Amino acid sequence: MAYDQTRFNADGTIELPLVRSPQNQACLNCHQQPGWKKRGANYRARTDVHLRAGLRCVDCHPAGSAVTDPRISGREEHQIAKGDDPGGLVRNDLDNTMVDCNDCHQSGRLGAPLAKHRGMPPIHLERIACQTCHIPERDVMPI
Ligand code: HEC
Ligand code: HEC
Ligand code: HEC
Ligand code: HEC
């Protein structure tokens, strides 16, 4: 093992670059590899309005005390909030613990534009998921 001495303080200690919340690339290091299944494939600025606006994974998939759902919140279990993507069936006990579309688009959270849908018959919003209209296509293979 050859340590890079320039990264150490004079007394041999080290300052770790700890961050308050992880950057997208930290998640993508794992999640973009099986992207076609684990959603990474669509998370590029070109195809995703949220990434283009600088949102981070943890804005929608928070963890620990940042989650409001009691299945995670306050327990400091270090679980990441998730939805219910049928592409995978891991931790179904935590389904729909994440921040959903309306949490931001009805409150303006993080500067999200309010979803007004002027003139749209309300039955659409009662019966049809936001994703049905707002995700017109989804990459299913890594490209
Ligand atoms: C070291 C690799 C690694 C890193 C880094 C990582 N994950 Fe994961 N993540 C996994 C694995 C492995 C699973 C289990 C799912 C599986 O087996 O496919 C998982 C599961 C998940 C799930 C639940 C998936 C499901 O279908 O139940 C979510 C949501 C998630 N990760 C989001 C994130 C977010 C957000 C970040 C960044 C803050 C992140 N992950 C960082 C490897 C990682
Ligand atoms: C604007 C909000 C938003 C952002 C930002 C976001 N996601 Fe998601 N993510 C979702 C939604 C919505 C689902 C699907 C949930 C469903 O189908 O019920 C999902 C699903 C997933 C899943 C499958 C497991 C599950 O939750 O059902 C993984 C893994 C995942 N996202 C990882 C990531 C990673 C990694 C990033 C950052 C590169 C990220 N997400 C950024 C909203 C987001
Ligand atoms: C964590 C908060 C958050 C969540 C959750 C979220 N969004 Fe957003 N969304 C934003 C922000 C912020 C923008 C503004 C992007 C910009 O400034 O260009 C945005 C932009 C959008 C736009 C483009 C609006 C326009 O006028 O250009 C659509 C459409 C949209 N989101 C749909 C959704 C859908 C569908 C979901 C659920 C799958 C969702 N959002 C979840 C924060 C969020
Ligand atoms: C039946 C299809 C449909 C559904 C379902 C739907 N939207 Fe929309 N949405 C649209 C259309 C079409 C527009 C463009 C409206 C315009 O340009 O006047 C739009 C516009 C938006 C905008 C931009 C702001 C605005 O009002 O112009 C946001 C944000 C948004 N939708 C979020 C959502 C969220 C969140 C949901 C789920 C609660 C949702 N949408 C469900 C079709 C839909």
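Colleague: In this predicted model, which atom of lysine 116 lies 2.9 Å from an oxygen atom of ligand 4?

Modeller: A contact of this kind is read by asking whether backbone or side chain provides the protein atom, and for lysine 116 the partner of the ligand 4 oxygen is a backbone N or O atom, at 2.9 Å.

Colleague: Which residues have polar side-chain atoms 2.8 Å from a nitrogen atom of ligand 4?

Modeller: Histidine 117 places a polar side-chain atom 2.8 Å from a nitrogen atom of ligand 4, and an N or O atom in the side chain of histidine 134 is likewise found 2.8 Å from a nitrogen atom of this ligand.

Colleague: How should I read the wider surroundings, and how many residues are around ligand 4?

Modeller: There are 16 residues around ligand 4, of which Lys116, His117, Cys130, Cys133 and His134 come nearest. By class, the shell divides into 10 nonpolar residues, five polar ones and one charged residue, while by secondary structure α5, α6 (123-127) and α7 (130-134) each supply at least two of its residues.

Colleague: Turning to the metal, which protein atom is a donor of the iron atom of ligand 2?

Modeller: The only protein donor is His61, through NE2 at 2.0 Å; since water is not among the atoms, the site may look incomplete. Histidine 61 itself sits in the loop between α4 (57-60) and α5 (101-105).

Colleague: How many salt bridges does the structure hold, and are the partners arginine 56 and aspartate 59 buried or exposed?

Modeller: The structure holds five salt bridges, and a careful reading of any one takes the separation together with the accessibility of each partner. Arginine 56 and aspartate 59 are joined with their closest N and O atoms 2.9 Å apart; arginine 56 is partly exposed at a relative accessible area of 29%, whereas aspartate 59, at 14%, counts as buried because the limit is under 20%. The salt bridge between arginine 71 and aspartate 69 has an N to O separation of 3.0 Å, with arginine 71 partly exposed at 32% and aspartate 69 buried at 15%.

Colleague: What is the separation of the closest N and O atoms in the salt bridge of lysine 82 with aspartate 95, and where in the chain do the two residues lie?

Modeller: In that salt bridge the closest N and O atoms of lysine 82 and aspartate 95 are 2.6 Å apart. The pair links distant parts of the chain, 13 residues apart, with lysine 82 and aspartate 95 each in the loop between α4 and α5, and both lysine 82 and aspartate 95 are buried.

Key. Residues numbered from 1 in each chain as written. Chains lettered and ligands numbered in written order. Predicted model: local features only at pLDDT ≥ 70, side-chain atom pairs only at ≥ 80, totals over all residues. Heavy atoms only, no water. Donors = N, O, S within 2.8 Å, 3.2 Å for Na, K, Ca; no water. Helix = DSSP H or I, 4+ residues; strand = E, 2+ residues; numbered from the N terminus. Near = heavy atom within 4 Å. Polar contact = N/O pair within 3.5 Å; in protein donor to acceptor, adjacent residues only side chain to side chain. Nonpolar A, V, L, I, M, F, W, Y, C, P; charged D, E, K, R; others polar. Salt bridge = Lys/Arg side-chain N within 4 Å of Asp/Glu carboxyl O. Buried < 20%, exposed > 50% of the residue type's maximum accessible area, 1.4 Å probe, protein only.
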